[in-house]
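Here is a friendly walk through one protein model, written for someone who would rather be at the bench. Keep the structure open beside the text and follow along.

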Amino acid sequence: MKKKIYIFDTTLRDGEQTPGVSLNAKEKLEIAKNLEALGVDIIEAGFPVTSKGDFEGVKLIAQNIKSSTVNALARANKKDINTAYEAIKEAKRKRIHTFLATSDVHMTYKLKMTREEVLEKIREMVSYAKTLVDEVEFSPEDGSRTEKEFLYKVLETAIEAGATVLNIPDTVGYSTPNEFGKLIKDIKENVNGIENAIVSVHCHNDLGLAVANSLAAIENGAEQIECAVNGLGERAGNAALEEIIMALKTRNDIYKINLDVNTEKIYRLSSLVSHFTGVKVQPNKAIVGANAFAHESGIHQHGVLTNRETYEIMTPESVGFKTNNMVLGKHSGRHAFENRVKELGYDILKEDIQEAFIKFKELVDKKKEISDKDIEAILNHGRIELEEKYKLKSFNVSTGNKITSTATVSLEIDGQVKEEAACGDGPVNALYNAIERLLGSNREIKDYNISAITSGADALGEVSIKLESKDKIVIGRGVSTDVIEASVLAYINALNKE
Ligand code: KIV
Ligand code: ZN
């Protein structure tokens with residue numbers, strides 16, 4: 001019989017630790033729903049003790065996700081574990097994941113604890129978590145750099161205390177595939193009671209080896225893989241979910257595992273995560289990059305046209321890329337639009353379709369041909385309902401290479417219209433200064449990014465900005481055929497998320 005591999009997604013926890021990334025509760029729920037539809041076994045929904053926002057996000061996910069297990073992270077102390085439990089207690093399937101560092105360097109310089117104290121803390125906290133939930137996962141942080149004999153003791157202690165999953169993190173992405181595979185094999189052979197627990201791995205990508213290390217672990221007996229969409233995560237990120245899944249599926253002749261995943265949902269999930277986090281997917285990224293299935297050289301194109309298998313080891317359709325990039329236009333009606341939305345994998349309520357169709361019609365007036373990318377932009381931007389405290393009424397800019405840019409902006413704030421003007425270093429800066437003057441505040445722009453969604457002079461421009469205000473970072477996005485308008489819309493979108 002084929003063995004089962006559990007897919008544990010940590011996009012919403014380790015992935016959210018990507019520098020500059022911050023998701024609100026509704027965005028997290030939307031991602032979690034897509035992970036559930038993909039068939040992920042466990043969703044690590046967050047680290048509830050770290051902030052009220054994170055707690056609320058985990059709670060919302062716990063209330064809404066039914067077929068995947070909802071997991072919350074906690075350090076090995078009662079406050080973290082209690083907070084994690086409070087956040088996930090309503091979930092149909094729930095798990096607490098607690099961790100403590102076990103490498104000499106972490107214990108000496110970070111924890112300032114002896115080996116005995118660490119073992120005692122693990123015993124105490126895993127037992128405590130077990131009084132709250134049936135499923136307890138324990139991670140010896142920096143596991144791959146922990147002295148082996150001590151690591152065995154750590155794992156035995158966690159098993160005796162009731163841990164059902166033992167996760168071995170390569171926290172700093174230091175391992176190599178042979179070495180990491182051997183570590184998993186040694187653990188399976190030397191740890192008492194390991195046959196009663198699931199062995200998991202969590203690999204970071206500092207040397208670009210996270211996926212290779214995870215696959216080596218599977219070859220040596222690991223049963224759970226922790227990964228994140230688009231490889232997000234601390235520093236260089238985690239093993240990429242889409243790469244792990246497609247490697248397991250495409251090379252099932254080697255891995256011989258039972259993988260119950262709807263791979264056609266991958267592309268949609270990847271673009272949603274990229275959209276919400278503001279982290280772009282590089283074009284040559286495996287599986288989900290724009291070039292992943294593009295064939296440039298004549299020889300390759302000829303080969304693919306004759307028989308796709310010459311240069312394609314998996315089909316674009318199998319990960320949800322639509323090769324039939326049908327173009328809609330002025331004469332496309334609601335039916336054609338709705339059909340295309342469904343074909344693109346969106347599951348949207350009737351009233352939302354109506355709203356998206358209105359936006360589609362507005363866009364058709366500005367742009368002759370509407371591609372799949374344009375439709376995705378329309379849909380992604382309307383995904384999360386915001387209470388719109390701030391609405392754009394109008395703006396006006398005067399700019400040129402020999403004058404100082406000046407801008408006037410008119411906003412509706414809680415139903416009241418206000419207007420201000422300001423100058424700035426370029427049109428966008430002038431508009432942002434006018435908005436800040438109008439609000440009487442001074443937010444800091446941490447990042448500003450502009451990109452074209454499709455090609456051509458009439459392409460939709462997408463602006464994403466990161467605003468720091470009230471000690472938190474919010475990401476705003478705006479889309480328009482006019483990049484100045486997209487910039488203003490992105491700013492207002494960020495304000496509405498504060
Ligand atoms: O990288 C790491 O060690 C972690 C643990 C919390 C599992 O993220
Ligand atoms: Zn990690």
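The report below covers the ligand site, the nonpolar cores, a few buried residues and some backbone details.

## The ligand site

Please keep in mind that this is a predicted model. A good place to begin is ligand 1, whose surroundings consist of R13, D14, H97, F99, S139, E141, N167, P169, T171, H202 and H204. Sorted by class, this shell holds two nonpolar, six polar and three charged residues. Three strands each supply at least two residues of the shell: strand 5 (94-101), strand 6 (135-141) and strand 7 (165-170).

Which side chains place a polar atom by an oxygen atom of ligand 1? The table lists R13, H202 and H204 with their distances.

| Side chain | Partner | Distance |
|---|---|---|
| R13 | oxygen atom of ligand 1 | 2.9 Å |
| H204 | oxygen atom of ligand 1 | 3.0 Å |
| H202 | oxygen atom of ligand 1 | 3.1 Å |

How much of ligand 1 does the protein cover? On its own, ligand 1 has 260 Å² of accessible area, and the protein covers 94% of that.

## S144, in the loop after strand 6

Strand 6 leads on to another spot worth a visit. The loop between strand 6 and helix 6 contains S144. Is S144 buried or exposed? Its relative accessibility is 19%, and because the cut-off for buried is under 20%, S144 counts as buried. The side chain of S144 makes a polar contact of 2.6 Å with the side chain of D170. Setting aside neighbours within four places in sequence, S144 is in contact with P169, D170, T171, S175, F180 and L183. Of these contacts, P169 and T171 also appear among the residues around ligand 1.

## The nonpolar cores

In soluble globular proteins, nonpolar side chains tend to be buried together. The largest nonpolar core of this model has 92 residues, and those touching the most other members are I7, I31, F138, L166, I187, L241 and L248. Which helix gives the most to this core? That is helix 6 (residues 148-161), with eight residues.

I187 is a handy residue to select on screen. Beyond residues up to four places away in sequence, I187 touches L151, Y152, L155, I168 and I194. Apart from the largest core lies another one of 25 residues, including A407, A434, I435 and V463.

## Helix 9

Next comes helix 9, which covers residues 241-250. Seven of its 10 residues are buried, so helix 9 is largely enclosed by the rest of the structure. The buried ones are L241, E242, I244, I245, M246, A247 and L248. L241 and L248 also belong to the group that touches the most other members in the largest nonpolar core.

## Two buried residues farther along the chain

K466 sits in strand 15 (residues 461-469). Lysine or not, K466 counts as buried, at 12% relative accessibility. Leaving out neighbours within four places in sequence, K466 is in contact with G20, T277, E444, I445, K446, D447, I473, V474 and I475. How far apart in space are the C-alpha atoms of K466 and S22? They are 9.3 Å apart, although 444 residues separate them in sequence.

S271 belongs to helix 11 (residues 266-277). With a relative accessible area of 14%, S271 is buried too. Not counting residues up to four places away in sequence, S271 touches E376 and N380.

## Backbone details

Most residues other than glycine have a negative phi. Two residues of this model are worth checking against that background. N230 has a positive phi, near 60 degrees, without being a glycine. N230 is placed in the loop between strand 9 (224-227) and helix 9, and counts as buried at 14% relative accessibility. K256, likewise not a glycine, has a positive phi of about 45 degrees. The loop that holds K256 runs between helix 10 (252-255) and strand 10 (257-258).

Helix 10 also contains N252. Leaving aside neighbours within four places in sequence, N252 is in contact with K2 and I257. The C-alpha atoms of N252 and F8 are separated by 19 Å, and the two residues are 244 residues apart along the chain.

Key:
Residues are numbered from 1 along each chain as its sequence is written. Chains are lettered from A and ligands numbered from 1 in the order in which they are written. This is a predicted model: local features need pLDDT of at least 70, side-chain atom pairs count only at pLDDT 80 or more; totals for chains, interfaces and linings use all residues. Side-chain values use heavy atoms; hydrogens and water are left out. A residue is near a molecule or strand if one of its heavy atoms lies within 4 Å of it. A polar contact is a pair of N or O atoms within 3.5 Å; within protein, one must be able to donate a hydrogen and the other to accept it, and residues adjacent in sequence count only if both atoms are side-chain atoms. Accessible areas come from the Shrake-Rupley method with a 1.4 Å probe; for residues, only the protein chains shown count as cover. Helices (H or I, at least four residues) and strands (E, at least two) are DSSP runs, numbered from the N terminus. Ala, Val, Leu, Ile, Met, Phe, Trp, Tyr, Cys and Pro count as nonpolar, Asp, Glu, Lys and Arg as charged, and the others, Gly among them, as polar. A nonpolar core is a set of buried Ala, Val, Leu, Ile, Met, Phe, Trp, Tyr and Cys residues joined through side-chain atoms within 4.5 Å. Buried means under 20% relative accessible area, exposed over 50%, partly exposed in between (1.4 Å probe, protein chains only). Contact means heavy atoms within 4.5 Å.
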